[in-house]
Amino acid sequence: MYKLLSHNDLDGVGCGILAKLAFGDRVKVRYNSIGGLNREVEWFLDNVKDTFLLITDLSVNEENEKRLDDYYKQGGKLKLIDHHKTALDFNDYDWGHVVVEDEEGNATSATSLLYEYLIKHKYLEQKDAITEFVELVRQYDTWEWEKYENEKAQRLNSLFFLVSMDEFEETMIRRLQSSDHFYFDEFEEKILDMEDDKIDRYIRRKRRELVQKKVGELYAGVVFAESYHSELGNQLGKDYPHLDYIAILNMGGRRMGFRTIHEEIDVSEVAARFDGGGHAKAAGCSMNDTAFNLFVEGTFHLEPLREDARRNRFNVKDSSFGALYQSRSDDIFLIFQEEEHWIIKKNDEKMEHSFSNFMNAEFFLKRYYEAWLARDDVFVKYLMDRVKN
Ligand SMILES: [Mn+2]
């Protein structure tokens, strides 16, 4: 018999699907939250015998780490397969297999590592449909789908949330067994289109609620949201590149997620400050007192960031003639080009900084003044006033 304990996200469930394809009725699969895994491992060690234990996409606490090692040394069959860099120490054990990047430098996922493992040990045969499915899961879990603009990966994750876990598992297993290539059927395509529209509307609404807060040395965008965390964190990060990361607070679940689009920022370090963990680009933690204090109490009174005017014809970004910004304290900023440099005038006074391009000047204004691109009518009035004077 086999037992698989895995994470309850798409990558974790991808592992369950592979295990069922490989072992059929001989494997029992349980999906867990990050916190729930340790209870399951304890229960397994206390109650189960003669069973090969596989743990994927999650790692255990110190106590279970010791107990599992004893179990292994006494002849118990065990493998922990993970791709989180916080789990790399498990490679010290024979039973640990943690790989963050493969030899070609591609980010791994638990599903891709388990697939390799199952093929290598001849538990499962390689097949195009499965390889394609595994690659979609990997791209979604590692954000690579963004780079390749592979929306199929994002849609697979949407589908995962639209149906129950059991139904997703069952449908995928049947499809991977019976078809040569991976596909969505007509009905799935239809509901996924509807879901895409819904996500767009949700993100637009949440964008109007985003507040900015300096936490330590970094600037965070903070938003309360129950759904679509990864899509939301990603889109808001791209919309507000002057923020180092986006923090998404799920009050009902008492959890928070961190997401960054910046190479130089590692949000697993941010999460670690609050006893959480994860990847450099996406991480999470439970909401402890410190986190609650900083991110909830510390932001509740703040006004959301104002959005840039969208339908302007005259006051547009990157115009060497000048782009006008406003701030909540009623300051007015003009970014314009002067010879090689970009300069900012604050209320008609030149500021001392100069910038090598428009983007850096705008970054400065947004980061330190929370300024937004003014609407055309404000811009026109600004120019008329200057002409009169
Ligand atoms: Mn994963």
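In the predicted model, helix H1 and helix H8 are oblique to each other. The axes of H1, residues 10–23, and H8, residues 165–178, come within 10 Å and cross at roughly 50°. An angle under 35 degrees would count as roughly parallel, and one from 65 to 115 as roughly perpendicular, so the crossing of roughly 50° falls in the oblique class. The crossing in which H1 passes H8 is right-handed. On the side of H1, the contact is made by Val-13, Gly-16, Ile-17, Lys-20 and Leu-21. On the side of H8, Met-165, Phe-168, Glu-169, Met-172, Ile-173, Leu-176 and Gln-177 take part. Sorted by class, the contact of H1 with H8 has 8 nonpolar, 2 polar and 2 charged residues.

Helix H1 also meets helix H4, residues 110–120. The axes of H1 and H4 come within 8 Å and cross at roughly 20°. This angle makes H1 roughly parallel to H4, whereas H1 and H8 are oblique. H1 passes H4, too, in a right-handed crossing. The residues of H1 that meet H4 are Asp-11, Gly-12, Gly-14, Cys-15, Leu-18 and Ala-22. Their counterparts in H4 are Ala-110, Thr-111, Leu-114, Tyr-115 and Leu-118. By class, 7 nonpolar, 3 polar and 1 charged residues form the contact of H1 with H4.

The next element to consider is a sheet. Strands of a sheet pair through backbone hydrogen bonds, in either a parallel or an antiparallel sense. Five strands, in the order E2-E1-E3-E4-E5, form an open sheet with parallel pairing. Strand E2 (27–32) and strand E5 (96–98) stand at the edges; each has a single partner strand, so one side of each is left without a neighbour in the sheet. On average, neighbouring strands of this sheet are turned by 15° against each other, with direction ignored. Within the sheet, strand E1, residues 2–7, pairs with strand E3, residues 52–56, in the parallel sense over 5 bridges. One bridge links Ser-6 to its partner Thr-56 in E3. Helix H1 packs on this sheet and touches E1, E2 and E3. The direction of H1 makes about 160° with that of E1. H1 is thus described by contacts with H8, with H4 and with the sheet.

A second open sheet also has 5 strands, in the order E15-E14-E13-E12-E16, but here the pairing is antiparallel. Its edges are formed by strand E15 (349–355) and E16, each with a single partner strand, so one side of each is left without a neighbour in the sheet. Inside the order, strand E12, residues 323–326, and strand E13, residues 332–338, pair in the antiparallel sense over 4 bridges. The bridge partner of Leu-324 in E13 is Leu-334.

Several single residues were also examined. Asn-38 has its place in helix H2, residues 37–47. It has 18 C-beta neighbours inside 10 Å and therefore counts as partly exposed, since 20 or more would be needed for a buried residue. When residues up to four places away in sequence are not counted, Asn-38 touches Val-60, Asn-61 and Asn-64. Asn-38 and Glu-65 are 27 residues apart in sequence, while their C-alpha atoms are 9.7 Å apart in space.

Two residues other than glycine have a positive phi. For Asp-275, phi is near 65°. This residue is found in the loop between helix H11 (267–272) and strand E10 (277–278). Asp-275 counts as exposed because it has 11 C-beta neighbours inside 10 Å. For Glu-370, which is not a glycine, phi is about 50°. Glu-370 is found in the loop between helix H13 (358–369) and strand E16 (372–373). With 19 other C-beta atoms within 10 Å, Glu-370 is partly exposed.

For the chain as a whole, there are 14 helices and 16 strands. The C-alpha atoms fill a box of roughly 90 × 45 × 40 Å, taken along the principal axes. Of the 389 residues in the chain, 34% are buried. Among contacts between residues at least 6 apart in sequence, 56% join residues at least 24 apart.

Methods
Residues are numbered from 1 along each chain as its sequence is written. This is a predicted model: local features need pLDDT of at least 70, side-chain atom pairs count only at pLDDT 80 or more; totals for chains, interfaces and linings use all residues. Axes are lines fitted to C-alpha atoms, for helices over the stretch in contact, and angles run from 0 to 180 degrees between N-to-C directions. Angles under 35 degrees count as roughly parallel, over 145 as roughly antiparallel, 65 to 115 as roughly perpendicular and the rest as oblique. A crossing is left-handed if the near helix is turned anticlockwise from the far one by less than a right angle, and right-handed if clockwise. Two residues are in contact if their C-beta atoms, placed from the backbone, lie within 7 Å. Ala, Val, Leu, Ile, Met, Phe, Trp, Tyr, Cys and Pro count as nonpolar, Asp, Glu, Lys and Arg as charged, and the others, Gly among them, as polar. A residue is buried if 20 or more other C-beta atoms lie within 10 Å of its own, exposed if 12 or fewer, and partly exposed in between; C-beta atoms are placed from the backbone. Two strands pair if DSSP finds at least two bridges between them.
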